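Colleague: I am new to this structure and would be grateful for a close look at a single part of it. Please then set that part beside the rest of the model.

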Amino acid sequence: MPLLLGLLRPLEKLNDVLLAIGRALAIAALALMVFFILYQIFMRLFFDAPNWTEEAARFLMLWMTGLIGPLAYRQGGFVAIDMLERALSRVLSSLLSLLLLGCAMAVIWTCAQLGWENVNSFTARGNSASLRLPLDWFGGERIRFKNAWAFASLFVGFSLLVLVNLELILRQLVTLLGGQARLKPLAEAAPID
Amino acid sequence: MLIWFLPVFLFLLMIGLPVVFGLLLAPGALLALEGQTRDLAVLYRNLYNGIDSFPLMALPFFMLAGEIMNRGGITIRLVEFSQAIMGHLRGGLAQVNILSSILFAGLSGSAVADTSALGSTLIPAMEKNGYTRRFAAAVTAASSVIGPIIPPSGIMIIYAYVMGESVAALFLAGIVPGILVGVGLMIMVRVTADRYDLPPAQRVVHENQTISPVEFWTSLILLRVTLGFLLFRIIGGTAGFFSDDAPASQAWINLALFVACCVTMHLLLVQYRGRVSHDFRLVCKKAVAPLLTPVIILGGILGGFMTPTEASAIAVAYALFVSVVVLRSMKVSDFSGVLARSALASSAVLLLVGAAVSFKTVVALSGAPQILAQFILSLSENPLVLLLLINLLLFIVGMFLDAGPAIIILGPILGPIFVDLGVHPVHFAIIMSVNLTVGLATPPMGLVLFVASSVSREKVETIAKAILPFLAVEVAVIFLITYVPAISMSVPYLTGFIACPPEVGFFDCISPPPPAN
């Protein structure tokens, strides 16, 4: 038990920090998405439609999903039918939860690996059709967005999910050993107003 | 071997694996067992491409707009407006509750948001007026399923995206069924009013209403412009203000006509003003700003000015304008919380949709639809009987699973089968959406029931019992929608989003055409 808690505490801290950063960035991404699309409508109605807004908004949506999705998972925001889990006794329910978390880990880990391959794939080296970093505003040269920059969004998302799932497994092990009272409630671990 | 993915998936779902992971694990594990590890990369690419979509962006935007609208001020306005309009009918506050749900449905696309927003205002109010708490909670839960049926609607955006339908067509097809559910519930309240001994009704107009100058002028102008525009279109004016090909003189004539329409409407409204009380007038005026949201969304999509995604961004901007400038119910410090909640909720749904897109490719590869189709056709060849069976299946699934995940899982499997049988895709989408949404309010696993229970602090079982008469009405409406396609199909047809006229039958212009039998 002390070993489990000793592993859990630092991981909890790490996730708290990482997910808080992810949350802040995701908020910014969502706000920017709205702004870009409004800008697109405005420009189309009165001037010429810009070609980059739609792709930029999609880019941001991918990153929003990758950055805040893990927090949603941590707070139980992924839909599941939990009737069986609730019907079982504490120990059995705990064992079942561990099994399910194991299944989830298999999926998440595979996706993280595939995500990494994707980021390093041949297509990832290609350039975006319309997105440029406007460094010419600062006297530099315009740099085209690499596909990899967008591909990285889900890789980061699944990597964070690995950490969150690890945390959930440790918590479930602690619960199985009867140490539920010593766990921080998850809502407290990650506040959303 | 791949055919096993469906049973495996169902098993994983039953024992409680989150739907997202189930959608990926079942096909992924079987592919890995067969040694086709290269195909795993294809699954992942589909997951990624499934999220990387512009039409899907309407989802976070509508969620955000709903969140902003929920920030106080708006719910109470809609409730007071409904009270002034319908409070004097038998079963007054219950009717008000249902009307508020219909109105609220035009602002939000989620039943849960509906229940929590209206429930927290109306359940205490109903209790104070002599209704039992369980009845109040049941009416709130039953009527809030209208939320995702009347546009905007989260599950319809998802369904349209996964199945490649037009969001606009689905939105339009949902309007009449949603209102029908509402009217059905109202009739039920009226019929059972004596049995439940509901308190006597009175028209309630809260007195000494006040309105800020900004809101006064905004509502005044918005109402006249909207009504004027409506009249302008009715008498045949074209909206060609901005088009390049029309001569400039035509644009000026149009503009003059439009202004004349606005002035006419203004005069009519001034006429009407003398006949009602000052408070009634203010209550109505205060409802104008929120109630224009659906008008703007649908108007934008129908008028061809914008795509549904752009309309959803406009909805966000309008919601911000209303709650920050007009109602002043939202402060800048609230922004991050509102954004975070929308981002959080939509990220979970987006991952789910991505997983569903990747699941869908495996569904197609595995040959499961063909086997299922054979099985379904062996039960009966009559589409009407099959629709009955499918409604039963959907209803049972809806008892255990949320509408979004259920529609994502069942759409790709069932949709093609029924389109082959000659059911129009849009019609089938509406059957699925309405049925699964009603499932949100059915015991044992109705999300809306849980929310109603936590808002009213009444036990879920008690509400579940009290809601049964209303569920009966909703089931009746489901059958009506199923067997009378015109209910859902007329509006999209009349607005040009479905090509087939009713005389030809809505089924005849699906490509490929259904088999003749």
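Is Arg171(A) buried or exposed?

Modeller: The model is a predicted one. Arg171(A) is buried, because its relative accessible area is 12%, and a residue counts as buried under 20%. Its side chain meets that of Glu12(A) in a salt bridge, with 3.6 Å from N to O. This pair links distant parts of the chain: Glu12(A) belongs to helix α1 (residues 2-46) of chain A and Arg171(A) to helix α5 (residues 147-176) of chain A, and the two are 159 residues apart. Glu12(A) is buried as well, since its relative accessible area is 1%. The two residues are also part of a network of salt bridges that includes Arg9(A).

Helix α1 of chain A takes part in another salt bridge, for Asp16(A) in this helix pairs with Arg74(A). The closest N and O atoms of Asp16(A) and Arg74(A) are 3.0 Å apart. Because Asp16(A) lies in helix α1 and Arg74(A) in helix α2 (residues 53-74) of chain A, the pair ties together parts that are 58 residues apart in sequence. Arg74(A) has 2% relative accessibility and therefore counts as buried.

Helix α1 of chain A also holds Arg44(A), whose salt bridge crosses between chains to Glu310(B), in helix α14 (residues 308-326) of chain B. The side chains of Arg44(A) and Glu310(B) meet at 2.8 Å, N to O. The partners differ in accessibility: Arg44(A) counts as partly exposed because its value is 31%, whereas Glu310(B), at 2%, counts as buried. Over all chains, a search of the whole structure finds 9 salt bridges.

The same kind of search finds 0 disulfides over all chains. Cys261(B) is in no disulfide, and the nearest cysteine sulfur, that of Cys262(B), is 6.9 Å away. A disulfide requires two cysteine sulfur atoms within 2.5 Å, so this separation does not qualify. Cys261(B) is buried, with a relative accessible area of 3%. Cys284(B) is likewise in no disulfide; for this residue the nearest cysteine sulfur is that of Cys262(B), 20 Å away.

On the surface of chain B there is a nonpolar patch, with about 830 Å² of accessible area together. The patch is formed by Phe375(B), Leu379(B), Leu384(B), Val385(B), Leu388(B), Leu389(B), Leu392(B), Leu480(B), Tyr483(B) and Val484(B). At least two of its residues come from each of the helices α16 (368-379), α17 (383-400) and α22 (468-483) of chain B. Helix α17(B) gives the most, with 5 residues. Leu389(B) is placed in helix α17 of chain B, and its relative accessibility of 34% is why it counts as partly exposed.

Between α16 and α17 of chain B runs a loop that holds Ser380(B). Ser380(B) counts as buried because its relative accessibility is 14%. The side chain of Ser380(B) reaches the backbone nitrogen of Asn382(B) at 2.9 Å. When neighbours within four places in sequence are left aside, Ser380(B) is in contact with Val385(B) and Leu386(B). Val385(B) is one of the residues of the nonpolar patch.

Other loops of chain B also deserve attention. Ser333(B) is placed in the loop between α14 and α15 (335-366) of chain B, and at 58% relative accessibility Ser333(B) counts as exposed. The C-alpha atoms of Ser333(B) and Ile211(B) are separated by 24 Å, and the two residues are 122 residues apart along the chain.

Two backbone features complete the account. Most residues other than glycine have a negative phi, and most peptide bonds are trans. Pro151(B) and Pro152(B) are joined by a cis peptide bond, with an omega of about -5°. Pro152(B) is found in the loop between α8 (133-144) and α9 (154-163) of chain B. Arg457(B) is not a glycine, yet its phi is positive, at about 55°. The loop between α20 (447-456) and α21 (460-466) of chain B contains Arg457(B), which counts as exposed because its relative accessibility is 66%.

How values were computed:
Residues are numbered from 1 along each chain as its sequence is written. Chains are lettered from A and ligands numbered from 1 in the order in which they are written. This is a predicted model: local features need pLDDT of at least 70, side-chain atom pairs count only at pLDDT 80 or more; totals for chains, interfaces and linings use all residues. Side-chain values use heavy atoms; hydrogens and water are left out. Patches are made of residues with over 30% relative accessible area and no salt bridge: like charges are joined within 9 Å, nonpolar side chains (Val, Leu, Ile, Met, Phe, Trp, Tyr) within 5 Å. Accessible areas come from the Shrake-Rupley method with a 1.4 Å probe; for residues, only the protein chains shown count as cover. A salt bridge is a side-chain nitrogen of Lys or Arg within 4 Å of a carboxyl oxygen of Asp or Glu. Helices (H or I, at least four residues) and strands (E, at least two) are DSSP runs, numbered from the N terminus. Buried means under 20% relative accessible area, exposed over 50%, partly exposed in between (1.4 Å probe, protein chains only). A polar contact is a pair of N or O atoms within 3.5 Å; within protein, one must be able to donate a hydrogen and the other to accept it, and residues adjacent in sequence count only if both atoms are side-chain atoms. Contact means heavy atoms within 4.5 Å.
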